[in-house]
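Opened the notebook for a new model today. The plan is to look up the overall build first and then a handful of residues.

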Amino acid sequence: MDVGALLPELLKGFSNFTLGNGVMITASLILIYLAVFKEIEPVLLLPIGFGCLLANIPLAGMTAAEGMMGVLYNAGIKTELFPLLIFIGVGAMIDFSPLLAQPKMVLLGAAGQFGIFGTLILAIALGFPLNQAASIGVIGAIDGPTSIFVASKLAPELLAPIAVAAYSYMSLIPIIQPPLMRALTTKKERLIKMEYTPKPISKRTLIFFPVVITLVVGLLVPEATPLISMLMLGNLLKVSGVVDRLSNAAQNEIINIATLFLGLAIGSTMSAASFLNLDTGKIMVLGLFAFALDTVAGLLFGKLMSVMSGGKINPLIGAAGISAFPMAGRIAAKMANDEDPDNFILMHAMGANTAGQLGSVIAGGILLSVVSKMMGI
């Protein structure tokens, strides 16, 4: 046996290890630390962090096309299967009653998408081509599945940084939004109490809503049909009341398995060679800008609605017009409650938040439709 020939074979992992691998493994350990010890979006950050760890072990082969991560990526990301499965689970957890009882909240859901289009223009100005700029802009919706769905179709080469930015900023909502909310609203506005005397929503309305929304959005923006239909399917499973087992499976097993595999697959794309570049830094900054711009637009529109209603609307609910359900709604309600322990605006904020969820899907579909047509993708 030639011992001299064996030694390089035993040490080939170390000999192929680069400084970039070290940087990315450090990043993966930070993600795992945040998930485990700080409990920041652990369901997402832990598998993403571990996938990143695996992607930066030289010669492991797991991210190759025939490796486990490669198979997951090709089966669930390239085909857009995982984001759609996650949307079935999200739909099964959403209650659209607050939105149906207060249809005017749709306006806040639309205002909360302004950052998508504002960031698209900025990204083009910074030199990104239209397809990449559109994918980056969708980060502003803080809607991971929609961001992944749009990026996988328009700019798959940017999928990893876009997914990481979308999910990272989703976990940082309690840190990013409150300072903007305090800066753009007065104490008097934050103290506004909103009466909640909702019109009763019949079960028939709740059942027809997901069917009608699927048909209307699907016919108006066909490119949004995969996302909106799976979101509405999950909701229909819940509100129909006749398939509890399927509804429970969507809210638990299906969304959990899809999230685990999606996180691993996304993390496995974070190799040093593909992730450590200037564009990744730009995307992270632009994603933060998009998120902030969406929040600001929602707050300003909330202030406008407050003025037009004679001071009956608390503008804080405008910040919930982004997606990020239900965290954005809870943050708006908590801030009003912190100002006055007797002020409860949770149901209004949830109405705006569910509108934002619908708005982000529709905005993503519009971008897909327009950009695909313009670029012949």
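Below are my entries, from the whole chain down to single positions.

**Entry 1: the whole chain**

I am working with a predicted model, so I keep in mind that local features were taken only where pLDDT is at least 70. I looked up the secondary structure and got 21 helices and zero strands for the protein chain. Next I checked the radius of gyration: it is 22 Å, and the globule rule gives 21 Å for 377 residues, so the chain is as compact as a globular protein of that length. Along the principal axes, the C-alpha atoms fill a box of roughly 85 × 45 × 45 Å.

I then asked for burial, and 53% of the 377 residues count as buried. For contacts with a separation of 6 or more, 78% come from residues 24 or more positions apart. The accessible surface is about 16,700 Å², and carbon and sulfur atoms hold 71% of that. I also looked at the charges: there are 21 positive and 20 negative ones, and their mean positions sit 10 Å apart.

**Entry 2: helix α16**

I picked α16, which runs over residues 225–240 and has 16 residues. How far does α16 reach from its first C-alpha to its last? I get 21 Å, close to the 22 Å expected at 1.5 Å a residue.

I listed the buried residues of α16 and found, among them, Leu227, Ile228, Leu231, Met232, Leu237 and Val239. The list also includes Ser229, Gly234, Asn235 and Ser240. What covers them includes α6 (81–93), α11 (144–154) and α15 (203–220). Helices α17 (244–267) and α21 (346–375) are part of that cover too. Right after α16 comes Gly241, and I noted its positive phi, near 75°.

**Entry 3: His348 in α21**

Since α21 turned up as cover for α16, I went to a residue in it, His348. Is His348 buried or exposed? Its relative accessibility is 3%, under the 20% cut-off, so I log His348 as buried. Leaving out residues up to four places away in sequence, His348 touches Gln102, Met105, Met194, Glu195, Tyr196 and Ile317.

**Entry 4: Ile136 and Thr280**

Ile136 belongs to α10, residues 130–137. I read a relative accessible area of 0% for Ile136, so it goes down as buried. Which residues does Ile136 touch, not counting those up to four places away in sequence? I find Thr119, Phe128, Leu158, Ile162, Ile283 and Leu286. I also took the C-alpha distance from Ile136 to Ala290: 8.5 Å in space, with the two positions 154 residues apart in sequence.

Thr280 is in α19, which covers residues 278–308. It comes out at 7% relative accessibility, so Thr280 counts as buried as well. With residues up to four places away in sequence set aside, I have Pro161 and Phe275 as the residues that Thr280 touches.

**Entry 5: Pro341**

Last stop was a loop position: Pro341 lies between α20 (327–339) and α21. Why do I call Pro341 exposed? Its relative accessibility is 57%, and exposed means over 50%, so Pro341 qualifies. I also paired Pro341 with Glu80, 261 residues away along the chain, and their C-alpha atoms are separated by 44 Å.

Terms used. Residues numbered from 1 in each chain as written. Predicted model: local features only at pLDDT ≥ 70, side-chain atom pairs only at ≥ 80, totals over all residues. Heavy atoms only, no water. Helix = DSSP H or I, 4+ residues; strand = E, 2+ residues; numbered from the N terminus. Rg over C-alpha atoms; globule rule 2.2 N^0.38 Å. Buried < 20%, exposed > 50% of the residue type's maximum accessible area, 1.4 Å probe, protein only. Contact = heavy atoms within 4.5 Å. Areas by Shrake-Rupley, 256 points an atom, 1.4 Å probe, with all protein chains shown as cover. Lys, Arg positive; Asp, Glu negative; His and termini not counted. Charge placed at Lys NZ, Arg CZ, Asp CG, Glu CD. Expected span 1.5 Å × (residues − 1).
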